[in-house]
Amino acid sequence: MHHSASASSLGPGGLDLSQAFFKPIQNTASPSSTKRHTKVSVIGVGNVGMAIAQTILTQDLADELALIDAKADKLRGEMLDLQHAAAFLPRTKIVASVDYAVTVGSDLCIVTAGARQNPGESRLNLLQRNVALFSHIIPPLAKYSPDSILLIVSNPVDVLTYVSWKMSGFPSNRVIGSGTNLDSSRFRFLIADHLDVNAQDVQAYIVGEHGDSSVALWSTISIGGVPVLSFLEKQQIAYEKETLENIHKAVVESAYEVISLKGYTSWAIGYSVANLARSLLRDQRKIHPVSVLAKGFYGIDGDVFLSLPTQLGRGGVLGVTNIHLTDEEMERLRESAKTILEVQSQLGM
């Protein structure tokens, strides 16, 4: 498949008109070698992949965006549709191909390709359908961009992040799963809605598996810097644990609800992943609950990827936040790790 990009060869016989259109000034020097050219590749141009690509473009996070998909016609159509919006967007070179060579030199590779999650289907049930697919995706990405960061979005994200780590041979700090970054956003929204405050003033994390065994860290929730549960206890304000559990249950079921209503999720995950891309590419050193190698944290044994509050920057994972968990939260987190490890054991990797 041919891929098109911005070009100045509009003249007869492909004459480069840029030389005639612009006259250089005198006493110039070559561009500084310190100027970075940021390239992002998105693998899979389904609803999620295109929501991510569109958000990355509108937020001006990349100088070049490469799209990859197995369906050549849809891929070219999506590329052209984005290119035709060039007058309304920050200047970004957009290319697309079924050939992974187009991803060469990427700073960040975002993998969204995979079988679509069916209504009511557990994320873990997607595993076998997606592992085989990843064997054709991860090795070529590692080949063409050996210094890139892999950001896995496809579900089940925790297991597929582990699979990507094994298939790529990359160090663990450069293989990250989108994990519970979006779950935590949903969690913050529901708490904010419940208390009638701005979600940006709510500090709250969902950790563990991106799925049914995720863990809500109630003990660490704060609003405007005030720890919620300890405040209620000091003020002797009663609260029902069932209410807290219902909020967490709503977080877990929210994706299933969206899927049952519109057939898929796209916009929220698009913003969530662009949020991660910004922290990584711009070295923001922000803390996100994302899927990372959790071995050695909170008593977790084995090579398992699950979400923990993690500082992200240009080098990928910079560190995991040392958050104090209650005994109950720690036990639930270990159980979540066991759930993922049981699934991984079926892979023989």
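Colleague: Why are H6 and H11 called oblique to each other?

Modeller: Helix H6 and helix H11 (residues 327-344) pack at an angle of about 55°, and their axes are 10 Å apart. Angles under 35 degrees count as roughly parallel, over 145 as roughly antiparallel, 65 to 115 as roughly perpendicular and the rest as oblique. The angle between H6 and H11 falls in that last class, so the two are oblique to each other. Their crossing is right-handed (the near helix is turned clockwise from the far one by less than a right angle).

Colleague: What stands behind these values?

Modeller: This is a predicted model, where local features need pLDDT of at least 70 and side-chain atom pairs count only at pLDDT 80 or more, while totals for chains, interfaces and linings use all residues. Residues are numbered from 1 along each chain as its sequence is written, and side-chain values use heavy atoms, with hydrogens and water left out.

Colleague: What makes H4 and H6 roughly parallel to each other?

Modeller: The axes of H4 and H6 (residues 157-168) cross at roughly 25° and come within 11 Å (axes are lines fitted to C-alpha atoms over the stretch in contact, with angles from 0 to 180 degrees between N-to-C directions). H4 and H6 are therefore roughly parallel to each other. H4 also passes H6 in a right-handed crossing.

Colleague: And why are H7 and H9 called oblique to each other?

Modeller: Their axes cross at roughly 135° and come within 9 Å. On the angle classes, H7 and H9 are therefore oblique to each other. H7 passes H9 in a right-handed crossing.

Colleague: Which peptide bond is cis, and how do you know that?

Modeller: The bond that joins Asn155 and Pro156 has an omega of about 0°. Pro156 sits in the loop between strand E5 (149-152) and H6 (DSSP runs, at least four residues for a helix and at least two for a strand).

Colleague: What makes the phi of Asp60 worth a look?

Modeller: Asp60 is not a glycine, and yet its phi is positive, about 55°. Look for Asp60 in the loop between H2 and strand E2 (64-68).

Colleague: How do you know that the largest pocket lies between the two domains?

Modeller: Domain 1 (36-177) and domain 2 (180-346) both give residues to its lining, so the largest pocket lies between them. A pocket is an open set of points on a 1 Å grid where a 1.4 Å probe fits, with protein on both sides within 12 Å along at least five of seven lines, and lining residues have an atom within 4 Å of a point. The largest pocket holds about 920 Å³ of space, and Val48, Thr112, Ala113, Gly114 and Ala115 lie nearest its centre among the 40 residues of the lining. Helices H2 (47-58), H4 (127-134), H7 (181-195) and H9 (241-262) are the elements that give two or more residues to this lining. H2 gives the most, with 3 residues.

Colleague: What is the make-up of that lining by class?

Modeller: The lining of the largest pocket has 18 nonpolar, 16 polar and 6 charged residues.

Colleague: Which residues are closest to the centre of the second largest pocket?

Modeller: The second largest pocket has a volume of about 620 Å³. Asn181, Arg188, Asn275, Lys286 and His288 are the closest to its centre, out of 23 lining residues. At least two lining residues each come from H7, strand E7 (202-203), helix H10 (267-281) and strand E12 (286-293). H10 supplies the largest share of the lining, 6 residues.

Conventions
Grid points are joined across faces, edges and corners, and a volume is the space filled by probe spheres set on the points. Ala, Val, Leu, Ile, Met, Phe, Trp, Tyr, Cys and Pro count as nonpolar, Asp, Glu, Lys and Arg as charged, and the others, Gly among them, as polar. Domain bounds come from an automatic or database domain assignment.
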